[in-house]
Amino acid sequence: MKAIWIIGAGRFGKKAVSAMKKRYPESALTVVDHCPKACETIAESGLTTVCMDGVSYLNDYLTETDAPGWIIPVIPVHLAHEWIRLRLLPDIPIVPVDVPETICRSLPNVFHGKPGEIFVSNADFVCPENCAEPRDICTHTRLPRKQSLYQAIRALSCNGFLNLVLQSKQLAPGIGGIRPGALFDALVSVQRHPGSILLSTACRCHGVVQAFRKIITER
């Protein structure tokens, strides 16, 4: 596997480092965090540590021609949305809009975050951290999985919104990653679409959804 970028050096960043070193020992691991103390505590042999804001790091260094194999987001922001926001600035700012109530009612266990943001989950309980995300059965309940959340979001009727869903694919139990190509595809779609946008990152069980629109000024 190619290089892996882990965005975040906290508890789950450390877990991701440990899991990736075991599962993909030949991959070059880079961990990015804005907190110097977190960078110090995670630093170890064979690991590249970068002490800067994770979204800014992607904005500065992620390119289509020299991208890692996977990006693992383990910071408390919607990484895809924040990266696209920075990529559009300063020419095209974006602003949040309300997620339509019809969408909120169509998704399970909705929790509202910051403006325009909702968190959704198939689970109404705390999931085990080492869940292997089996295709058909819930690890916790041992019951059949009713739906894969990223597919359910893609299937939504979005009332005029462009609906973009990035799948977080499990790289190890409890560790999800995004392909850089999916980020660039989403960016191009956002750049081309004139109206409101629904951008989600989701795995089989959990997801975050952000609704926004661009502000385009006449020049």
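Which residue's side chain does the side chain of E82 join in a polar contact of 3.1 Å? In this structure, which is a predicted model, the partner is H81, and the polar contact runs between the two side chains. E82 has its place in helix α4, which spans residues 79–88, and the residue is buried, with a relative accessible area of 11%; because the cut-off for the buried class is under 20% relative accessible area, E82 falls within that class. If residues up to four places away in sequence are not counted, E82 touches V55, V77 and K114.

Helix α4 also offers a way into the aromatic part of the picture. The structure holds four aromatic pairs, and one of them is formed by W5 and Y57, whose rings meet edge-to-face at 5.0 Å centre to centre with 65° between the planes. This pair links distant parts of the chain, since W5 belongs to strand β1 (residues 4–7) while Y57 belongs to helix α3 (residues 54–61), and the two residues are 52 residues apart. W5 is buried, with a relative accessible area of 8%, and Y57 is likewise buried, with a relative accessible area of 10%. A second pair to consider is that of W83 and F184, which is also edge-to-face, with 5.2 Å centre to centre and 85° between the planes. Here W83 lies in helix α4 and F184 in helix α7 (residues 180–192), so this pair ties together parts of the chain that are 101 residues apart in sequence. W83 counts as buried because its relative accessibility is 0%, and F184 counts as buried at 7% relative accessibility.

Returning to the ring pair of W5 and Y57, one can place it in a wider grouping: W5, Y57 and Y61 form one aromatic cluster.

A further aromatic residue, F111, has its place in strand β6, which covers residues 111–112. Is F111 buried or exposed? F111 is exposed, with a relative accessible area of 54%, and it is assigned to that class because the cut-off for exposed residues is over 50%. Leaving aside neighbours within four places in sequence, F111 is in contact with E117, I118 and F119. Across a longer stretch of the chain, F111 and V208 are 97 residues apart in sequence, yet their separation in space, taken from C-alpha to C-alpha, is 9.5 Å.

Technical notes
Residues are numbered from 1 along each chain as its sequence is written. This is a predicted model: local features need pLDDT of at least 70, side-chain atom pairs count only at pLDDT 80 or more; totals for chains, interfaces and linings use all residues. Side-chain values use heavy atoms; hydrogens and water are left out. Helices (H or I, at least four residues) and strands (E, at least two) are DSSP runs, numbered from the N terminus. Buried means under 20% relative accessible area, exposed over 50%, partly exposed in between (1.4 Å probe, protein chains only). A polar contact is a pair of N or O atoms within 3.5 Å; within protein, one must be able to donate a hydrogen and the other to accept it, and residues adjacent in sequence count only if both atoms are side-chain atoms. Contact means heavy atoms within 4.5 Å. Rings of Phe, Tyr and Trp (its six-membered ring) pair if their centres lie within 6.5 Å; planes under 30 degrees apart count as stacked, over 60 as edge-to-face and the rest as tilted.
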